[in-house]
Amino acid sequence: QYSPDSVAGADGELDPCELTLPGCSCRGPCRAPSCPCLSRGSPAREEQHQEEQQQEQQEEQQPRFCRPVFECSALCPCGDSCPGRRLQGGLRLPLEVFLTARKGWGVRALRPVPRGSFVCEYAGEVLGAAEARRRLEAQGPGQPNYILALREHLHGGRVLHTFVDPTRVGNVGRFLNHSCEPNLVMVPVRLHSMVPRLALFAARDIPAGEELCYDYSGRFQNSPAASREHEALEEENRPRKPCYCGAPSCASFLPWDSSLFST
């Protein structure tokens with residue numbers, strides 16, 4: 001079943017449509033830090049600011065993480081023309097699902113995609129941990145796994161997990177393949193709910209016809225410390241699935257982190 005947005009899963013534990021965040025009272029164009037919505041996290045993707053910040057962090061050799069983004073929502077009076085609403089216009093790029101040579105279905109854009117552009121969401125059923133684990137354990141070794149596990153590291157050492165499964169309900173994002181050197185980056189974006197929307201942005205200028213891919217492991221534009229469990233727990237007691245991304249730095253196998261589903 002096609003759905004442009006994520007929906008509550010069969011377990012009903014999390015509802016991405018639930019109103020849990022207040023809107024702003026801005027009457028003009030919203031800008032951080034004056035807008036309370038945009039000031040909750042990173043500003044809308046401003047490439048120059050992002051590049052300068054990343055360069056400073058690299059020079060300081062500090063862990064680097066992809067920070068969440070907050071947008072204005074339907075609860076805000078600023079209107080649809082607000083620059084703080086990148087996702088709410090929906091899919092604007094002409095995307096094509098096509099059959100790749102070795103990876104099954106894939107996605108490509110039919111026109112060039114400038115760096116920093118919003119491409120699409122990874123939409124599906126938002127599940128609680130128990131239901132996500134149940135579905136994962138019910139899968140056979142040869143079945144495809146579409147369940148995406150997002151792990152956000154919060155202040156004070158807490159970790160917030162979000163599980164999205166587009167197997168039964170989803171959008172074009174379910175056809176995006178993995179790459180060890182991707183041209184897309186996934187960013188958690190929040191509107192009126194604390195349940196994030198998984199937005200994919202162009203990490204560089206992408207020519208028309210090039211396959212669109214992102215890093216399933218989350219390592220891309222995150223420091224290795226963000227994925228500290230991967231080396232020890234990757235594909236434990238499971239046949240490893242080969243990676244066919246063709247990148248020079250290809251890890252040979254698709255990423256997997258079973259610790260997110262451990263009891």
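Here is a short back-and-forth on ring pairs, strands and salt bridges in this predicted model.

Student: What should I know about the ground rules first, such as how residues are numbered?
Tutor: This is a predicted model, where local features need pLDDT of at least 70, side-chain atom pairs count only at pLDDT 80 or more, and totals for chains, interfaces and linings use all residues. Side-chain values use heavy atoms, with hydrogens and water left out, and residues are numbered along each chain as its sequence is written, from 1.

Student: How many aromatic pairs are there?
Tutor: Rings of Phe, Tyr and Trp (its six-membered ring) pair if their centres lie within 6.5 Å; planes under 30 degrees apart are stacked, over 60 edge-to-face, and the rest tilted. By that rule, the count is three.

Student: Which residue makes an edge-to-face pair with Tyr122?
Tutor: The ring centres are 6.3 Å apart, with 65° between the planes. Tyr122 sits in the loop between strand E5 (118-121) and strand E6 (125-127), and its partner is in strand E12 (residues 213-214), 92 residues apart; strands (E, at least two residues) and helices (H or I, at least four) are DSSP runs numbered from the N terminus. The partner is Tyr214.

Student: Is Tyr214 buried or exposed?
Tutor: Buried means under 20% relative accessible area, exposed over 50%, and partly exposed in between (1.4 Å probe, protein chains only). Tyr214 has a relative accessibility of 4%, so Tyr214 counts as buried.

Student: What class of pair do Tyr214 and Tyr216 form?
Tutor: Their ring centres are 5.0 Å apart. The planes meet at 55°, so the pair is tilted.

Student: Which residues do the ring pairs link into a cluster?
Tutor: Tyr122 is buried at 4% relative accessible area, whereas Tyr216 is partly exposed at 37%. Together with Tyr214, the cluster is Tyr122, Tyr214 and Tyr216.

Student: Which are the edge strands of the open sheet?
Tutor: Two strands pair if DSSP finds at least two bridges between them. The sheet has four strands in the order E2-E10-E11-E5, with mixed pairing. Each edge strand pairs on one side only, and they are strand E2 (69-70) and E5.

Student: What is the bridge partner of Cys120 in E11?
Tutor: Strand E11 (residues 197-202) runs antiparallel to E5, with three bridges joining them. In E11, Cys120 is partnered by Leu200.

Student: How many salt bridges does a search of the whole structure find?
Tutor: A salt bridge is a side-chain nitrogen of Lys or Arg within 4 Å of a carboxyl oxygen of Asp or Glu. One of them joins Arg197 and Asp5 at 3.0 Å, N to O. The search finds ten.

Student: How many residues apart are Glu121 and Arg197?
Tutor: They form a salt bridge, with the closest N and O atoms 2.5 Å apart. Glu121 is buried, at 6% relative accessible area. Glu121 lies in strand E5 and Arg197 in strand E11, and the pair links distant parts of the chain, 76 residues apart.

Student: Which helix holds both Glu131 and Arg134?
Tutor: These two make a salt bridge, their closest N and O atoms being 2.8 Å apart. Glu131 is buried at 14% relative accessible area, while Arg134 is partly exposed at 44%. They lie three residues apart, about one turn, in helix H2 (residues 129-138).
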